Amino acid sequence: MREIFEAELKQLGDDLAAMSRRVEHAITSAGTALLTADLSLAESVIADDLAIDAIERDIDERCVLLLAQQQPVATDLRTVVSALRMSATLERMGDLARHVAQVARGRYPRHAIPQSLSGTFAEMHDAAIRVARRTTTLLENRDLAVAEKIERDDDALDALHSDTFTALLGRSWAGTAQETIDVTLVGRYYERFGDHGVSVARRVVYLVTGDFAPDEAGAR
């Protein structure tokens with residue numbers, strides 16, 4: 001019985017990593033669609049989000065069954081509860097990638113982001129990809145050094161997000177009302193994507209060490 005339970009716990013971990021790989025693909029494709037005005041790529045991200053949602057539902061159902069049937073305690077309980085939390089967080093990251101793709105699709109054939117901010121959003125795109133890739137790596141190997149790197153990537157996204165507001169509020173901003181809305185929304189989507197990556201990282205740290213990060217209780 002214990003062997004079966006341990007196999008189920010391992011499968012949960014494998015499925016979370018697989019879910020993260022899909023999120024990684026989604027944010028990579030969504031950002032590319034945004035920067036290149038690629039309609040077909042944007043639509044593929046939107047359609048593929050259903051697969052991420054399906055993985056979350058499957059993980060959650062199995063977690064509930066494990067809690068009901070096995071009544072885990074200590075480390076095992078921490079693993080199951082953390083899987084529930086992380087699946088919800090990864091699903092939200094997939095949603096944010098979908099939101100970026102929806103903005104790209106909505107402005108096609110034009111670019112949603114004006115040329116003056118294309119460099120800033122290219123940097124946000126790169127930082128978000130790093131968050132996604134490192135989240136997958138962290139779920140696969142639980143290397144706490146990777147968790148620290150995710151925190152730094154999130155700091156970079158926060159700084160770039162601040163840069164977008166500086167541009168929007170500057171006297172030289174000449175974007176349309178729609179461009180102002182799009183910059184505001186997409187910047188927020190990327191900033192939140194980083195926050196959720198940090199949430200997963202801190203949850204993995206909790207799994208490994210048994211301790212929450214100092215501000216885990218207040219994580220967004």
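Here's a quick briefing on the fold, the surface and one residue of this protein chain. Keep in mind that the model is predicted. The chain is built with 6 helices and 0 strands, and its 220 residues include 48% that count as buried.

**Fold and dimensions**
- Going from the N terminus, you'll meet the elements in the order α-α-α-α-α-α.
- The radius of gyration is 19 Å, and a compact globule with 220 residues would come in near 17 Å, so the two agree.
- Want a feel for the dimensions? Along the principal axes, the C-alpha atoms fill a box of roughly 65 × 35 × 25 Å.
- Look at contacts with a separation of 6 or more, and you'll find that 82% of them in this chain are between residues 24 or more positions apart.

**Surface and charges**
- The chain's accessible surface is about 10,600 Å².
- Carbon and sulfur atoms hold 52% of that accessible surface.
- As for charges, the chain carries 25 positive and 36 negative ones.
- The mean positions of those positive and negative charges lie 2 Å apart.

**A look at Ser-82**
- You can find Ser-82 in helix H3, which covers residues 74-107.
- Is Ser-82 buried or exposed? Its relative accessibility is 0%, and the cut-off for buried is under 20%, so Ser-82 counts as buried.
- Setting aside neighbours within four places in sequence, Ser-82 is in contact with Arg-203, Tyr-206 and Leu-207.

Terms used. Residues numbered from 1 in each chain as written. Predicted model: local features only at pLDDT ≥ 70, side-chain atom pairs only at ≥ 80, totals over all residues. Heavy atoms only, no water. Helix = DSSP H or I, 4+ residues; strand = E, 2+ residues; numbered from the N terminus. Rg over C-alpha atoms; globule rule 2.2 N^0.38 Å. Buried < 20%, exposed > 50% of the residue type's maximum accessible area, 1.4 Å probe, protein only. Contact = heavy atoms within 4.5 Å. Areas by Shrake-Rupley, 256 points an atom, 1.4 Å probe, with all protein chains shown as cover. Lys, Arg positive; Asp, Glu negative; His and termini not counted. Charge placed at Lys NZ, Arg CZ, Asp CG, Glu CD.
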